[in-house]
Amino acid sequence: MTATQVLIGPTGGIGAVLAAAMGPGTVLLGRSTVPALDLLDEGSIAAAASSCGSGLTLVIDATGFLHDAEFQPEKSLRQIDPAHLARSFALNATGPALLMKHFLPLLARDERAVFATLSARVGSISDNRLGGWYAYRASKAALNQLVRTAAIELARTRPLAVCVALHPGTVDTGLSGPFAKNGLDVQTPAAAAAKLLTSIAGLTAERSGTLIDQNGLTIPF
Ligand SMILES: NC(=O)c1ccc[n+]([C@@H]2O[C@H](COP(=O)([O-])OP(=O)(O)OC[C@H]3O[C@@H](n4cnc5c(N)ncnc54)[C@H](OP(=O)(O)O)[C@@H]3O)[C@@H](O)[C@H]2O)c1
């Protein structure tokens, strides 16, 4: 299998629409694909990456974790749970770091190539005015720092490449649905995916290492 475009997380609310929009030539990788890619298993990430070949021009990571049957976003310090923090960091920070470890070396060298991972505005420390959501906020802040650091290293060998964290806006998916508030600007996954792809298409290497919102604007860390 050789590819130029890869989408990781094709079963997600946003990932499924991105996968469709990116077209049939896109390699889709997730826990239920062949080969399987599990963020919690570096061997599976390495094997999936090596199955893609080199010369990739676009890799999008649409995975992420906010809540599950066991853990809900914390409203106060009293709810901080080490296991919740550990799961959030494993899925939102360590997992994408391993994706960068194994996929950035596969990006095309002599042309523009993009690695984009879905982060979140709430991972911005300077934008934090509401508090709460400790594990999600902190793990996305860690992701933003990992992206920044990887972008600096990537530029040494691939000056045309872009490595960014993207905020998709609030999107009606299983991840955000239980927390959507009346009056909040909630987008459909299709609208969000279209905006993300437009934003990605306009990215240049000068934007590498930043956090960018659904309209292509930089969000301060
Ligand atoms: N929705 C929003 O309003 C919103 C807002 C800001 C940021 N974001 C960010 O956007 C991204 C996508 O969000 P979404 O709403 O589309 O979430 P979602 O519907 O919950 O999708 C999450 C994706 O992550 C994958 N995933 C979870 N654990 C994994 C693992 N161990 N290995 C591989 N893949 C795994 C899931 O795959 P499985 O099917 O295998 O579980 C699924 O494809 C996330 O990073 C989220 O933080 C979303």
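**From a buried glycine to the salt bridges**

Leaving aside residues up to four places away in sequence, Gly209 is in contact with Val147, Arg148, Ala151, Cys163, Val164 and Phe221. The model in which these contacts are found is a predicted one, and Gly209 is placed there in the loop between helix H5 (189-201) and S8. With a relative accessibility of 0%, Gly209 counts as buried, because buried means under 20% relative accessible area. Phe65 gives a second point of reference: Gly209 and Phe65 are 144 residues apart along the chain, and their C-alpha atoms are separated by 22 Å.

The strands at the start of the chain can be followed next. Strand S1 (residues 5-8) is joined to S3 by four bridges, and the two strands run parallel. S1 also pairs with strand S2 (residues 27-29), again in the parallel sense, over three bridges. Ile8 can be used to trace both pairings, since this residue stands opposite Asp61 in S3 and also opposite Leu29 in S2. Between S1 and S2 the chain passes through helix H1 (residues 13-22), and the three elements S1, H1 and S2 make a β-α-β unit that is right-handed.

Beyond S3, the loop between strand S3 (58-61) and helix H3 (82-103) contains Ile80. This residue is partly exposed, with a relative accessible area of 34%, and together with Leu77 and Tyr134 it makes a nonpolar surface patch of about 270 Å². The value for Ile80 is therefore sufficient for the patch criterion, which takes residues with over 30% relative accessible area and no salt bridge.

The charged side chains offer another way through the model. Side chains of opposite charge can pair when their charged atoms come close. When a salt bridge is taken as a side-chain nitrogen of Lys or Arg within 4 Å of a carboxyl oxygen of Asp or Glu, the count comes to five salt bridges. One of them is formed by Glu42 with Lys101, whose closest N and O atoms are 2.7 Å apart. This pair links distant parts of the chain, with Glu42 in helix H2 (residues 42-50) and Lys101 in helix H3, 59 residues apart. Glu42 is partly exposed, at a relative accessible area of 30%.

Which parts of the chain does the pair of Arg121 and Asp213 tie together? The side chains of these two residues meet in a salt bridge with an N to O distance of 3.5 Å. Arg121 lies in the loop between strand S4 (114-118) and helix H4 (134-157), while Asp213 lies in the loop between strand S8 (211-212) and strand S9 (218-219), so the pair ties together parts that are 92 residues apart in sequence. The two partners fall into separate accessibility classes: Arg121 is partly exposed, with a relative accessible area of 28%, whereas Asp213 is buried, with a relative accessible area of 7%.

A further salt bridge brings together the side chains of Arg129 and Asp127, at 3.2 Å from N to O. Here Arg129 counts as exposed, at 68% relative accessibility, and Asp127 counts as partly exposed, at 23%. In addition, Asp68, Glu70 and Arg87 are joined into one network by salt bridges that share partners.

Technical notes:
Residues are numbered from 1 along each chain as its sequence is written. This is a predicted model: local features need pLDDT of at least 70, side-chain atom pairs count only at pLDDT 80 or more; totals for chains, interfaces and linings use all residues. Side-chain values use heavy atoms; hydrogens and water are left out. Patches are made of residues with over 30% relative accessible area and no salt bridge: like charges are joined within 9 Å, nonpolar side chains (Val, Leu, Ile, Met, Phe, Trp, Tyr) within 5 Å. Accessible areas come from the Shrake-Rupley method with a 1.4 Å probe; for residues, only the protein chains shown count as cover. Buried means under 20% relative accessible area, exposed over 50%, partly exposed in between (1.4 Å probe, protein chains only). Two strands pair if DSSP finds at least two bridges between them. A crossover is right-handed if, with the strands pointing away from the viewer, the path from the first strand over the helix to the second runs clockwise. Contact means heavy atoms within 4.5 Å.
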